[in-house]
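Work through the exercises below with the structure open beside you. Try each task before reading its solution.

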Number of protein chains: 2
Amino acid sequence: MQKKDKISAGFLIIGDEILSGRTNDQNLNFLAKNLTELGIVLCEVRVVRDVENEIIDALLALENKFDYVFTSGGIGPTHDDITSQAVANAFRKDLILNEEAKEILYQYYGQNNVNEARLKMAYLPQSASLLDNPISSAPGFKIKNIFVMAGIPKIFQAMFEACKKDLRLGLKIFTKEIKINLTESIVAFDFANLQKEYPDVIMGSYPFDNGTSLVFRSTNQILLEEAMQKMIAILKKINFDSILKIA
Amino acid sequence: MQKKDKISAGFLIIGDEILSGRTNDQNLNFLAKNLTELGIVLCEVRVVRDVENEIIDALLALENKFDYVFTSGGIGPTHDDITSQAVANAFRKDLILNEEAKEILYQYYGQNNVNEARLKMAYLPQSASLLDNPISSAPGFKIKNIFVMAGIPKIFQAMFEACKKDLRLGLKIFTKEIKINLTESIVAFDFANLQKEYPDVIMGSYPFDNGTSLVFRSTNQILLEEAMQKMIAILKKINFDSILKIA
């Protein structure tokens with residue numbers, strides 16, 4: 001398949017427990033890093049409550065804007081797990097018993113141990129396809145350009161591995177970083193001019209306790225290197241010893 | 001001021017560094033916990049890039065839906081810090097030199113050390129009022145029902161302290177938790193029925209490695225206690241030794 005210059009993604013985190021502060025989300029940073037590795041640009045994230053119309057609104061908004069949407073949370077066996085139903089309703093699909101998901105539950109728990117609650121997990125929107133999940137039986141699934149995954153980090157991570165084979169890869173995003181012992185305001189003027197000179201290299205400035213990280217990101221490695229070398233020359237003029245680390 | 005039954009909030013996280021995975025956001029969980037403490041319900045979070053129209057769209061959407069909006073990131077001195085300009089444009093305000101913010105920068109750095117980049121931080125939307133910031137000179141500000149804060153966690157946290165005096169408090173949200181050594185599917189049916197019986201108590205089920213946390217949340221402490229006692233009785237019937245901890 002042809003590579004698009006830019007593949008975009010949105011991420012929808014579903015769960016009261018994140019918004020109440022009970023649970024500290026760990027999936028955003030994992031997904032962000034892994035998508036960046038694949039040349040896919042994570043453009044927007046939303047976190048919503050376990051409320052069907054809020055899930056549907058956010059899902060449709062993200063699906064409309066980006067090449068891929070990932071979701072986390074709400075696919076378990078209890079009454080507050082309403083993601084599958086919400087996804088079905090968002091796309092006017094029936095929620096039906098997925099035979100493959102049922103078989104996996106039967107094999108995992110033994111047929112006699114699959115009660116009504118567990119079987120609920122096998123009800124998926126019509127035309128959904130399962131995501132492999134090697135570490136539990138919870139059925140994540142793909143429908144359209146949407147990957148519906150579990151909220152528990154280790155299951156989310158395993159399911160993301162299963163998504164990979166369905167993802168078109170974007171151009172690799174190269175990153176370089178210059179750490180300096182100067183506060184960011186000292187280099188702000190030159191850094192802004194350099195950004196104007198290299199619009200295809202995204203430049204960000206991030207202060208830390210004793211200095212600043214200047215970050216360069218681009219799919220064009222030559223421009224990236226060129227911009228970075230110019231910044232290094234500028235920094236050496238400001239103060240020859242200002243550079244702590246280049247990585 | 002009269003207490004509303006429910007005070008709602010949205011949170012807008014601004015920054016490429018979160019979406020690329022470079023930085024692991026720490027402000028969401030802090031804000032979620034602290035708002036819950038104040039009886040304010042955090043209903044939605046969005047993370048957007050350092051792109052003006054994306055910031056504006058998200059800000060207006062959240063401002064329209066919730067009593068308060070908090071933002072993090074993008075108020076520093078460099079070219080990628082565009083939050084103040086975006087907020088001004090969102091509400092058709094001019095971005096003007098705030099004399100109070102300028103004075104704070106002069107006092108913090110010394111007048112001769114406030115270069116153009118640093119002074120940029122003192123340009124705020126017209127009619128914005130400053131948030132106290134005891135640990136740096138970065139000017140967070142309030143405009144309408146929006147609190148614009150720094151992305152660096154320790155500064156974000158200090159600024160949140162300054163917001164508190166402007167927040168109406170909601171009814172306290174009480175939380176109780178029963179940890180059990182049963183998988184959630186075993187209690188799912190009874191737990192769902194209990195949720196139907198107590199619609200004013202929000203009940204959530206969260207699996208962990210060797211069991212499940214059943215969480216009860218409500219502004220009504222009497223109903224909360226009643227629902228929890230019923231669940232305890234149910235659990236003891238299922239298996240007398242199923243309860244690991246009540247907190």
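**Exercise 1.** Which residues touch the most other members of the largest nonpolar core?

*Solution.* Begin with the numbering: residues count from 1 along each chain as its sequence is written, and chains are lettered from A, ligands numbered from 1, in the order in which they are written. This is a predicted model, in which local features need pLDDT of at least 70, side-chain atom pairs count only at pLDDT 80 or more, and totals for chains, interfaces and linings use all residues.

Next, the terms. A nonpolar core is a set of buried Ala, Val, Leu, Ile, Met, Phe, Trp, Tyr and Cys residues joined through C-beta atoms within 7 Å. A residue is buried if 20 or more other C-beta atoms lie within 10 Å of its own, exposed if 12 or fewer, and partly exposed in between, with C-beta atoms placed from the backbone.

The largest core holds 105 residues, and Ala9(A) and Ala9(B) touch the most other members. Leaving out residues up to four places away in sequence, the residues that Ala9(A) touches include Leu35(A), Ile40(A), Phe66(A) and Phe70(A).

**Exercise 2.** Find the turn that lays chain A on chain B, and name the residue of chain A closest to the axis.

*Solution.* Copies are superposed by least squares on the C-alpha atoms of residues with pLDDT of at least 70 in both. A turn of 180 degrees with a shift of 0.0 Å along the axis lays chain A on chain B with an RMSD of 0.0 Å. That is the relation of a two-fold axis. Of the residues of chain A, Arg46(A) comes closest to the rotation axis, its C-alpha at 2.2 Å.

Now look at the strands there; helices (H or I, at least four residues) and strands (E, at least two) are DSSP runs, numbered from the N terminus. Two strands pair if DSSP finds at least two bridges between them. β2(A) and β2(B) (residues 40–48) run antiparallel and are joined by five bridges. The bridge partner of Arg46(A) is Arg46(B).

**Exercise 3.** Describe the side of chain A that touches chain B.

*Solution.* Two residues are in contact if their C-beta atoms, placed from the backbone, lie within 7 Å. By this rule, 46 residues of chain A are in contact with 46 residues of chain B. Elements of chain A that give two or more residues to this side include α2 (27–37), β2 (40–48) and α8 (184–197).

The residues of this side divide into 20 nonpolar, 13 polar and 13 charged. Here Ala, Val, Leu, Ile, Met, Phe, Trp, Tyr, Cys and Pro count as nonpolar, Asp, Glu, Lys and Arg as charged, and the others, Gly among them, as polar.

**Exercise 4.** Trace the strands that pair with β11 (residues 211–218) of chain B.

*Solution.* Seven of the eight residues of β11(B) are buried. Seven bridges join β9(B) (residues 174–180) to β11(B), and the two run antiparallel. In this pair, Lys179(B) stands opposite Ser213(B). β10(B) (residues 202–208) is also antiparallel to β11(B), again with seven bridges. Here Ser205(B) has Leu214(B) as its bridge partner. A hairpin of two residues joins β10(B) to β11(B).

**Exercise 5.** Is Arg92(B) buried or exposed?

*Solution.* Start with helix α4(B) (residues 83–90), which is largely enclosed by the rest of the structure because six of its eight residues are buried. Among them are Thr83(B) and Val87(B). Arg92(B) lies in the loop between α4 and β4 (95–97) of chain B. Arg92(B) counts as exposed, because it has 8 C-beta neighbours inside 10 Å. Its phi is positive, near 50 degrees, in a residue other than glycine.
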